Amino acid sequence: MHSLLQRQFRKYIPEHLKESTDLRGFLDAVEKSYEHYDEKLSMIQRATAISSEELFNANQEITKEANRQQHIIASLEEAMNSLNSNFDEDDKLKYQKTKHFNAEKLAQHIKNLAVQISEITTEKNILLKDLEAQNQSLNNYVQMVSHDLKSPIRNINALISWIKEEEIDHFSESSVLHCERVCENLTKMDNLINGILQHATIGAQMGTKKNINLKELLVEIQTQIEYPNHITFDISDELPTIYAERNWIEQLFKHLINNAITATKQMSNGIIKIQGEDIDAFWKFSVSDNGKGIPKQHQGSIFEMFHKLDNDATSAGVGLTLAHKIVALYEGEIWLESEKEKGATFYFTLKK
């Protein structure tokens with residue numbers, strides 16, 4: 001028993017009660033209560049003995065956990081906003097109007113949106129597979145039709161040539177002119193079939209990529225194509241070496257160069273200039289001429305299939321459409337800057 005309490009008992013309890021059994025039981029109970037009090041006091045003393053450094057460390061851990069929870073909530077909000085961007089207003093979670101953030105509701109909403117996206121992805125894959133099959137069927141059909149059309153065209157062309165060789169002396173001037181028109185239209189039809197076939201198969205027959213020295217390629221193209229003597233080429237020495245399919249890059253430049261030749265063939269001194277530059281993730285090129293230019297009202301449809309500005313008997317009107325599609329294969333863009341009678345410049349980019 002506590003020493004102070006024992007002294008008080010000895011002082012105030014009469015002698016004849018000190019040996020009382022009942023009083024002894026009472027004193028034992030008092031002593032036990034003091035023992036429990038001492039134990040609790042000892043616990044409190046131990047608790048208060050924690051150093052300030054330990055309290056600081058504990059507080060730091062609590063702060064870190066709070067920040068982690070805030071980061072999780074922010075990530076959930078970002079994910080929800082990203083998912084919301086794919087849905088209508090009725091499907092979006094209107095948590096912005098509430099003052100209290102409900103993480104459980106947000107998580108459930110994200111789960112629902114994820115399920116919807118999974119269903120949409122499944123449908124998209126089915127549609128893509130169906131589209132791929134349709135494209136393959138269309139390409140096969142185009143190739144079959146192209147082959148079937150080319151054969152009679154070649155036959156007609158051969159027959160007209162034989163007739164001209166054998167009967168030319170008996171033709172009138174109008175008959176000779178008619179024969180020339182027939183040959184021109186046969187050439188135009190052949191070019192049209194080739195253009196449609198090429199447009200249908202671009203992308204389906206991508207070759208092996210390799211390093212292409214564009215300066216050398218353009219010099220080679222210059223020797224392959226026909227152009228009047230009054231047209232000169234200005235090919236930059238700063239053109240890069242790019243990594244791509246040679247066939248499609250060659251076709252791209254050929255279509256733009258042929259377009260520039262058409263624009264300058266009536267001029268006394270035509271100039272076709274080709275340049276390139278490095279712009280971060282893309283290569284940027286330009287093919288310009290000092291020809292007759294393209295009026296503003298026609299520039300919006302210049303890349304459409306069969307669109308022509310001139311009544312050229314041999315032109316199929318697919319060259320710029322093909323150029324546009326090839327540029328798209330390399331995730332680039334193509335555009336035009338031109339004014340009537342002031343030349344034209346076609347710009348395009350190719351992703352590295």
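Colleague: Which residues of helix α9 are buried?

Modeller: This is a predicted model, and in it helix α9 covers residues 319-329. Just after α9 comes Glu-331, with a positive phi near 55°. Within the helix, the buried residues are Leu-320, Thr-321, Leu-322, Ala-323, Ile-326 and Val-327.

Colleague: What is the mean pLDDT of the protein chain?

Modeller: Of the residues in the chain, 70% reach a pLDDT of 70 or more. Over residues 95-99 the pLDDT stays under 50, and the model has 4 contacts there beyond four places in sequence. Where pLDDT is low, the predicted coordinates should not be read in detail. For the protein chain, the mean pLDDT is 78.

Colleague: Within what arc do the buried residues of α6 fall?

Modeller: In helix α6, residues 214-224, the buried residues are Leu-214, Leu-217, Leu-218 and Ile-221. Seen down the axis they line one face of the helix, because their arc is 95°.

Colleague: Which exposed residues are on the face of α6 turned away from its buried side?

Modeller: The buried side of α6 is covered by elements including β1, β2, β3, α7, β4 and β5. The face turned away from that side carries the exposed residues Glu-216 and Thr-223.

Colleague: At the start of α6, which residue has a side-chain oxygen that reaches to the backbone nitrogen of Lys-215?

Modeller: The two atoms come to within 3.1 Å of each other at the start of α6. One is the backbone nitrogen of Lys-215, and the side-chain oxygen belongs to Asn-213.

Colleague: Which residue in β4 stands opposite Thr-232?

Modeller: Strand β2 has a covered face of Ile-231, Phe-233 and Ile-235, while Thr-232 and Asp-234 are on the uncovered one. β2 runs parallel to β4, and 5 bridges join the two strands. Opposite Thr-232 in β4 stands Ile-271.

Colleague: Is Ile-261 buried or exposed?

Modeller: Ile-261 lies in helix α7. Apart from neighbours within four places in sequence, its contacts are Ile-225, Glu-226, Tyr-227, Pro-228, Ile-231, Phe-233 and Ile-272. Its relative accessible area is 7%, and the cut-off is under 20%, so Ile-261 is buried.

Colleague: What is the relative accessibility of Ser-288?

Modeller: Ser-288 has its place in strand β5. Not counting residues up to four places away in sequence, Ser-288 touches Ile-271, Ile-272, Lys-273, Ala-344 and Thr-345. Ser-288 counts as buried because its relative accessibility is 16%.

Colleague: Which residue meets Glu-65 in a salt bridge?

Modeller: Side chains of opposite charge can pair when their charged atoms come close. Here the N to O distance is 2.9 Å. The partners are 3 residues apart in helix α3, so about one helical turn separates Glu-65 from Arg-68. Glu-65 is partly exposed at 35%, and its partner is Arg-68.

Colleague: Are Glu-250 and Lys-254 buried or exposed?

Modeller: Their side chains meet in a salt bridge, at 3.3 Å from N to O. Glu-250 and Lys-254 lie 4 residues apart in helix α7, about one turn of the helix. Both Glu-250 and Lys-254 are buried.

Colleague: How many residues apart are Asp-278 and Lys-352?

Modeller: The side chains of Asp-278 and Lys-352 meet in a salt bridge, at 2.5 Å from N to O. The pair links distant parts of the chain, with Asp-278 in strand β4 and Lys-352 in the segment after β7; the two are 74 residues apart.

Methods: Residues numbered from 1 in each chain as written. Predicted model: local features only at pLDDT ≥ 70, side-chain atom pairs only at ≥ 80, totals over all residues. Heavy atoms only, no water. pLDDT = per-residue confidence, 0-100. Contact = heavy atoms within 4.5 Å. Buried < 20%, exposed > 50% of the residue type's maximum accessible area, 1.4 Å probe, protein only. Pairing = 2+ DSSP bridges. Arc of directions from axis to C-beta. Polar contact = N/O pair within 3.5 Å; in protein donor to acceptor, adjacent residues only side chain to side chain. Salt bridge = Lys/Arg side-chain N within 4 Å of Asp/Glu carboxyl O.
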